[in-house]
Amino acid sequence: MPEKFYTGQRIGKVIGGSFLEGLAIKVEDDSIIEDTRIGSILVSQTEKKKYYCMLTDMVIEGMNKQSLTELPRGTEFSLLNRITRGTSIYTIFKAQPVLAFDLQEGKNQPIRNIPLHASSVRRATYDDIQDVFGSFEKDPKRFFPIGSVLDMDESTQVCIDIDRFIERSSGIYGRTGTGKSFIARLIMAGIILSDKASLLIFDAHSDHGPDSIDEENYHVKGLKSLFGNKVQIMTIESSSVNRAGVLPIEIDVRDVEVEDILSISEELNLNETAEQVMIALKNKLEAQGRHWLHEVLVNGEELAEEFKDSEAIVNRSSLLALIRKLSVLKELPYLKYDRSPGTNSIDIILDYLQRGISVDITFGKGDKLLHYLFVTNVLSRRIYNKYMEMYEKHISNRKKYPAPRPLVIAIEEAHRFLSPDVAKQTIFGTIAREMRKAKVSLMCIDQRPSQIDSEIASQIGTRVILALSDEADIASALAGMKNSKQLRAIIESLDSKQQALVIGHAVPMPIAIKTRGYDQSFYDFVSIFSPKTDVEDNYRKVLEASEEFLKDMEY
């Protein structure tokens, strides 16, 4: 890059600061101040390294207190005002060093020192961003562009590292209306494009898999329309099954555990003794080779009669109350009582996921919280068990048993599964804490991160944080992150839509971005780079063979 270009991007020089508190940069030209915002990326380049810094504050300072308070007045002194600014009065940019790039080795390094006093500082350029964030053009299977740097041209693409993104659980946070669903769908598309993992999407509001209509009444393509047979839609709604390619969700009652019922205890109005009754009932009936919930729903009255003289095991009045409250589950159309092997949705979903086909389970647009919580818990618990079986077999004999295909489970309303009260009952707390070894991670999409258990929140690897207004939500979204005080100021400066702070495992440094549009240009992008079907590949090979034949025949 020409030196003249770098000079044109120049901000000023380092005049002070520290490793912990950040650098103090004296701004040389006041005209750039109003065009620069909190969160901008600044670079100080030496012979060996480029130091990447995030702008965290702007301060007006003077040679002394009097120079700040006693200013020339009136329009006739405007020239004097301009002279005064930059000499006795000037602006300081506070910037936190967040990454170093070794120019000799060409790779990122953790920040371990700071640039020298009087080092020049400039705005980041396209090359600076590409050096540290990678390039989709150079490695499309690993890097995926999700937006552009704030205050920079939209061609300055910021990529997430898909390999690292799927390694650990992730969180997409933002208040209602900020565009969480759009950025989540972008990242899901990136995972499918990379073909590095399968997605299991619990689509609470039918935002991701099927086509939909946005707030401005525009048609929005879902993942199924974009990727065809790389995405399978399943649904609990019988009316939707008639649509071409949509499969029904069917759950055998014997796949339901006590913990799954506890996850909807509030919706069923269960009291504190219900858990004890269910556990006692389960232990008693399992010893007889019977499933407790099957007996409750099919033979409720006979079961109560059977235990009328067994007060020491199950209190009869408590059992009757439990049977009455659980009778609501009889109305669930997807709960089956006599499924044969291979017809259970759990087996079908696992088959898709292992073949590299992502599954979107849609719940429709209505208020179906009970269905969403119940189905999501039951399916995730069983899939977790299956993945652990596959992983343990692989560990025992790596040559005979392949490793399970990496899986990302996307859940909306994540706080309902990961709050301190229910995280121990649902399987999602275990997945977030322990399933990295089995290549399973969570994508948590939520508007209230403060309601997520603090231990789990601190272990989220990659975070995409859109506008948040609640102090507790901001604190939770930044839990466990360095420089959280400075990052908080950046979150508070974000616009209400299409802007986000991206931090964590999948990016080399925190960065504020304008999120990529989910529109026709993105559809065109996907159509060019999406994985081709076997039919398309065979057709391409036939064309290539035909061209080679004609060339040999000198046509």
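The largest cavity in this predicted model is lined by Y126, I129, Q130, G134, S135, F136, E137, S155, T156, Q157 and C159. A cavity is a set of points, on a 1 Å grid over the protein atoms alone, where a 1.4 Å probe fits but cannot get out, and lining residues have an atom within 4 Å of a point. Two elements, α4 (126-133) and β9 (157-161), each give two or more residues to this lining, and α4 gives the most, with three residues. Helices (H or I, at least four residues) and strands (E, at least two) are DSSP runs, numbered from the N terminus. The lining divides into four nonpolar, six polar and one charged residue; Ala, Val, Leu, Ile, Met, Phe, Trp, Tyr, Cys and Pro count as nonpolar, Asp, Glu, Lys and Arg as charged, and the others, Gly among them, as polar. The volume of the largest cavity is about 70 Å³, a volume being the space filled by probe spheres set on the points, with grid points joined across faces, edges and corners.

The search of the whole structure yields two cavities of 30 Å³ or more. The second largest has a volume of about 40 Å³, and its lining consists of M54, T56, Q96, V98, N483, Q486, L487, I490 and P510. Two or more residues come from each of β4 (49-62), β5 (89-102) and α20 (484-492), with the largest share, three residues, from α20. Five nonpolar, four polar and no charged residues make up this lining.

Residues are numbered from 1 along each chain as its sequence is written, and side-chain values use heavy atoms, with hydrogens and water left out. As the model is predicted, local features need pLDDT of at least 70 and side-chain atom pairs count only at pLDDT 80 or more, whereas totals for chains, interfaces and linings use all residues.

Notes
On a 1 Å grid over the protein atoms alone, a cavity is a set of points where a 1.4 Å probe fits but cannot get out, and a pocket is an open set with protein on both sides within 12 Å along at least five of seven lines; lining residues have an atom within 4 Å of a point.
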